[in-house]
Amino acid sequence: MEGIIAIWQRDLLKFFRDKARLFGSFTMPILFLLIFGGGMSGSMETMMAGSMPKGAEGFNYVEFVFPGIVAMTLLMTSIFSAMSVIEDKDFGYMKEIMVSPISRVSIAIGKMLGSATVATIQGVMLFLLIPLLGLSYDVMALIQVIPFMFLLGCALSSLGLLFASLINSTQGFQLTVQILVMPMIFLSGALFPISNMPAWMDFIVKINPVTYGVDVMKKVMVDIENLSAPVLDAMGLNISLFGRQITIFEEVLFIGIFTTILVLLSTVSFKRANA
Amino acid sequence: MESIISVKNLRKSYKNTEAVKGINFEVEEGEIFGFLGPNGAGKSTTINMICTMLKPTSGSIIINDYDVSKDKDAVRGSIGIIFQENTLDEKLTAHENLMLHCRFYKVPKEKREERIQEVLEIVDLVNEQKQRVETFSGGMKRRLEIARGLLHYPKVLFLDEPTVGLDPQTRAHLWEYILRLKEKEGITMFLTTHYLDEAEISDRVAIMDQGEIIAIDSPTALKDQLGGDIIELSTEDNEQALKEINEKVKEAKVTVEEDTIHLKVASSDAFISSFIKTLNIPITRLNIRKPTLNDVFLAFTGRKIGETVKE
């Protein structure tokens with residue numbers, strides 16, 4: 001336990017010391033918010049309205065896309081924070097950790113929690129943009145969504161961690177992760193609704209943890225009780241699996257299981273690293 | 001004396017090569033054990049196996065009564081390692097690096113601060129502890145790493161080329177610290193180095209070559225085993241001199257290295273006066289000395305320590 005906290009705290013401490021990283025990570029989401037939220041919201045809404053059943057006029061794209069962009073930030077930060085494992089390998093610090101008596105699973109969990117926390121902090125920092133975008137979310141809802149953001153951060157960090165434990169160069173990691181990150185964003189319903197996808201794409205959507213993370217975040221942040229069924233449909237908030245609508249609980253369960261499996265795989269990878 | 005490390009039939013093979021070919025040795029508690037060998041001899045492989053970083057193909061390693069293959073965490077807790085390369089977190093301060101180490105090794109909370117100050121004092125870094133490691137010089141980093149290696153009171157401290165890349169003055173200082181440590185704490189030290197004069201401080205040295213341990217004894221015993229004296233000389237015409245030596249001198253073993261001729265004799269006192277008379281070529285330089293570990297190394301491996309094994 002002590003080992004997990006130590007590794008976690010080290011990552012946080014380093015995050016707060018690295019001012020460039022702290023603010024640099026802001027640019028990408030802001031860019032996306034500008035493009036998707038500002039620039040494209042009009043056309044998106046018209047596009048949707050065309051294909052939408054009647055009664056979906058209350059669709060507000062910016063309100064839809066904001067949680068998606070927060071989720072995207074979580075995805076980016078979590079996975080790229082896991083790169084610290086590769087940096088630690090490069091700078092030798094990983095050796096200090098590996099020869100210590102900390103259990104390998106604690107190393108994996110500590111690193112995963114470190115990235116997830118950093119990602120959550122960055123995600124929450126985006127909340128500052130809400131008034132600028134002319135949005136208004138319930139403050140309680142914003143507070144309630146944080147644990148879910150953290151959970152999604154854990155899932156994505158564990159994914160990044162697995163890759164980082166397998167790959168030895170920063171370049172190799174960045175390349176691999178780029179290939180991974182883009183589909184994970186676009187096929188998650190973060191930026192546009194994911195209804196009516198072809199079957200094979202729908203399959204990717206359904207195994208993508210971001211899908212469920214984004215969905216939970218939207219369900220918590222957007223006041224869905226007051227939205228009509230067609231709008232809900234239009235926003236893609238009616239994900240169904242095997243012909244049945246899935247609940248927040250099931251989504252959380254899925255993300256939890258996903259995280260556990262990946263952390264265990266990373267642990268095995270850490271163990272093998274010195275076999 | 002109890003042995004703190006006991007290595008039996010240790011073997012490591014890779015696909016095509018056998019890096020370590022079934023070696024045996026013991027390290028006694030409280031001694032400084034020098035582990036020498038040319039590059040590619042299997043030294044690093046052996047150390048990595050002892051430090052739980054590499055899985056042996058076969059054989060057993062017992063450290064501090066714990067089996068390395070079964071009780072990894074207990075072994076890890078009993079050893080401290082100073083790696084050849086820097087393994088500090090440069091973005092953190094010296095104190096933060098040490099505190100993290102305490103937590104990794106489960107040093108009791110109430111003892112942490114006290115121990116940190118204690119090891120910082122040993123390596124003279126008390127006043128610099130709040131500075132980030134990136135501002136430190138090479139020597140300071142090394143000292144900090146040694147301090148860190150001591151924090152959890154290891155039974156054995158592994159020093160893998162601890163002075164590599166340091167200037168001679170810093171090197172000398174570092175050895176002072178290390179010797180002070182040995183006297184104060186009685187820690188067993190397992191040392192590898194390329195500087196054979198540094199290995200002289202060892203109580204015993206093992207020489208490894210091509211995956212096998214070819215000699216193991218105290219430096220004095222090894223040098224005595226070699227015996228006699230070494231005469232180094234340069235002449236105005238080495239080729240001619242060599243010819244003469246080979247003709248007239250029977251009792252010396254002759255080797256040539258660059259522009260110096262080495263003669264190994266049982267006793268230089270009796271040999272030297274007659275030798276000088278027999279040689280017609282004028283001598284430009286003459287030096288008589290006792291064998292060093294370098295000579296021992298050369299005699300056993302046929303190579304100098306910096307040379308890589310040629311396939």
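Helices and strands here are DSSP runs, with at least four residues for a helix and at least two for a strand, numbered from the N terminus. Keep that in mind as we walk through this predicted model. By that count, chain B has 11 helices and 14 strands.

Let's stay with chain B for a moment. Its C-alpha atoms fill a box of roughly 75 × 45 × 35 Å, taken along the principal axes. Of its 311 residues, 37% count as buried. Now look at which parts of chain B touch each other: among contacts between residues at least 6 apart in sequence, 72% join residues at least 24 apart.

Next, find strand S9 of chain B, residues 204-209. Is S9(B) mostly covered or mostly open? Five of its six residues are buried, so to speak of it as mostly covered is fair. S9(B) also has strands beside it. Strand S3 (residues 32-36) of chain B runs parallel to S9(B), and four bridges join the two. You can spot B:Phe35 standing opposite B:Ala206 in S9(B). Strand S10 (residues 212-217) of chain B pairs with S9(B) too, but in the antiparallel sense, over five bridges. There, B:Met208 has B:Ile213 in S10(B) as its bridge partner. S9(B) and S10(B) make a hairpin with two residues between the strands, and in this hairpin B:Gln210 takes a positive phi near 50°.

Further along chain B there's an open sheet of four strands, in the order S12-S13-S11-S14, with antiparallel pairing. Which strands stand at its edges? They are S12 (253-257) and S14 (283-289) of chain B; each has a single partner strand, so one side of each is left without a neighbour in the sheet. From one strand to the next, the twist averages 20°. Zoom in on S11 (residues 229-235) of chain B and S14(B): this antiparallel pair is held over six bridges. Here B:Glu232 stands opposite B:Asn287 in S14(B). A helix joins the picture as well. Helix H10 (residues 268-278) of chain B lies across S11, S13 (260-265) and S14 of chain B, running at about 20° to S11(B).

Now bring in chain A. According to UniProt, in an unreviewed entry, the feature "transmembrane region" falls at several stretches of chain A, including residues 64-86 and 107-133. What does the model show there? Residues 64-86 of chain A are 91% helix and 0% strand, with end C-alpha atoms 35 Å apart. Over residues 107-133 of chain A, the figures are 70% helix and 0% strand, and the end C-alpha atoms are 40 Å apart.

So where do the two chains meet? The contact takes 18 residues from chain A and 20 residues from chain B. On the chain A side, H1 and helix H6 (93-98) are the elements that give two or more residues. H1(A) gives the most, with six residues. Sorted by class, this side of chain A has eight nonpolar, four polar and six charged residues.

One helix pair is worth a look at this meeting point. The axes of H1 (residues 2-17) of chain A and helix H3 (residues 94-104) of chain B come within 8 Å and cross at roughly 155°. Angles over 145 degrees count as roughly antiparallel, and that is why H1(A) and H3(B) are described as roughly antiparallel to each other. H1(A) makes this contact through A:Glu2, A:Gly3, A:Ala6 and A:Arg10, while H3(B) uses B:Leu100, B:Arg103 and B:Phe104. By class, that comes to three nonpolar, one polar and three charged residues.

Methods
Residues are numbered from 1 along each chain as its sequence is written. Chains are lettered from A and ligands numbered from 1 in the order in which they are written. This is a predicted model: local features need pLDDT of at least 70, side-chain atom pairs count only at pLDDT 80 or more; totals for chains, interfaces and linings use all residues. Axes are lines fitted to C-alpha atoms, for helices over the stretch in contact, and angles run from 0 to 180 degrees between N-to-C directions. Angles under 35 degrees count as roughly parallel, over 145 as roughly antiparallel, 65 to 115 as roughly perpendicular and the rest as oblique. Two residues are in contact if their C-beta atoms, placed from the backbone, lie within 7 Å. Ala, Val, Leu, Ile, Met, Phe, Trp, Tyr, Cys and Pro count as nonpolar, Asp, Glu, Lys and Arg as charged, and the others, Gly among them, as polar. UniProt positions are given in the numbering used here, feature names are shortened, and annotations may be inferred rather than shown by experiment. Two strands pair if DSSP finds at least two bridges between them. A residue is buried if 20 or more other C-beta atoms lie within 10 Å of its own, exposed if 12 or fewer, and partly exposed in between; C-beta atoms are placed from the backbone.
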